[in-house]
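Hi,

Here is the structure I promised to pass along. Have a look at it first, and then read on for my notes.

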Amino acid sequence: MALPTSTNYGQSVTKFAVGSTAVDLASIADGNEQAVDVTITGAQLGDFTLASHSLDVTDLMITGSVTAADTVTVIVANNTGGALDIGSGTIYAMVIPREVI
């Protein structure tokens, strides 16, 4: 599949913001999730996000989205078939403004 030529494919992203927060997630039952808010000054609805955790997430799914000005909500979801408790760590989030893409 050929990539469109009218985009910025191959360009470096040089404008972004990051934030983190310490968390101690409780045990997450199969099919459930926990939400963690990370403050990132300048984040706006529609911006792109990346999210991660400082520990091995043992097949948990981690997603993030800007849910309000300056706030990224990171969802840690468990669809593994059993309850998981990964303990204390740090949630990290990155915001890439939509206008730089």
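**What I found**

Of the protein's 101 residues, 31% count as buried. Before you go further, keep in mind that this is a predicted model.

Starting with the overall picture: there are 6 strands and 0 helices, so to speak a β-β-β-β-β-β run when read from the N terminus. The accessible surface comes to about 6200 Å², and carbon and sulfur atoms hold 51% of that. As for contacts with a separation of 6 or more, 70% of them are between residues 24 or more positions apart.

Now the sheet. It is an open one with 3 strands, ordered β2-β5-β4, and the pairing is antiparallel. The edges are taken by β2 (33–39) and β4 (61–68); each has a single partner strand, so one side of each has no neighbour in the sheet. From one strand to the next, the twist averages 25 degrees. If you want to look at one pairing in detail, take β4 with β5 (residues 71–77): these strands pair in the antiparallel sense over 7 bridges. Among the bridge partners there is A68, matched with T71 in β5.

Next, the end of the chain, where I spent some time. P97 sits in the segment after β6 (87–96). Is P97 buried or exposed? P97 is buried, because its relative accessible area is 12% and the cut-off for buried is under 20%. Leaving aside residues up to four places away in sequence, P97 touches K15, F16 and D47. The C-alpha atoms of P97 and G46 are separated by 8.1 Å, although the two residues are 51 apart along the chain.

Two of those contact residues of P97, K15 and D47, come back in the salt bridges. How many salt bridges does the count give? It comes to 2. Side chains of opposite charge can pair when their charged atoms come close.

- E99 and K15: their side chains meet at 3.4 Å, N to O. This pair links distant parts of the chain, with E99 in the segment after β6 and K15 in the segment before β1, 84 residues apart. E99 counts as exposed at 53% relative accessibility, while K15 counts as partly exposed at 45%.
- D47 and R98: here the side chains meet at 3.2 Å, N to O. D47 lies in the loop between β2 and β3 (48–53) and R98 in the segment after β6, so the pair ties together parts that are 51 residues apart in sequence. D47 is buried, with a relative accessible area of 10%, whereas R98 is partly exposed at 38%.

Last, the surface. V13, F16 and V18 make a nonpolar patch of about 270 Å². F16 is also one of the residues that P97 touches. V13 belongs to the segment before β1 (17–25). Why does V13 count as partly exposed? Its relative accessible area is 38%, and partly exposed covers the range between the buried cut-off of 20% and the exposed cut-off of 50%.

If you open the model in your viewer, I would begin with P97 and its contacts K15, F16 and D47, then move on to the salt bridge of E99 with K15 and the one of D47 with R98.

Cheers

Notes
Residues numbered from 1 in each chain as written. Predicted model: local features only at pLDDT ≥ 70, side-chain atom pairs only at ≥ 80, totals over all residues. Heavy atoms only, no water. Pairing = 2+ DSSP bridges. Helix = DSSP H or I, 4+ residues; strand = E, 2+ residues; numbered from the N terminus. Axes fitted to C-alpha atoms, helices over the stretch in contact; angles between N-to-C directions. Patch = residues over 30% accessible without salt bridge, like charges linked within 9 Å, V, L, I, M, F, W, Y side chains within 5 Å. Areas by Shrake-Rupley, 256 points an atom, 1.4 Å probe, with all protein chains shown as cover. Salt bridge = Lys/Arg side-chain N within 4 Å of Asp/Glu carboxyl O. Buried < 20%, exposed > 50% of the residue type's maximum accessible area, 1.4 Å probe, protein only. Contact = heavy atoms within 4.5 Å.
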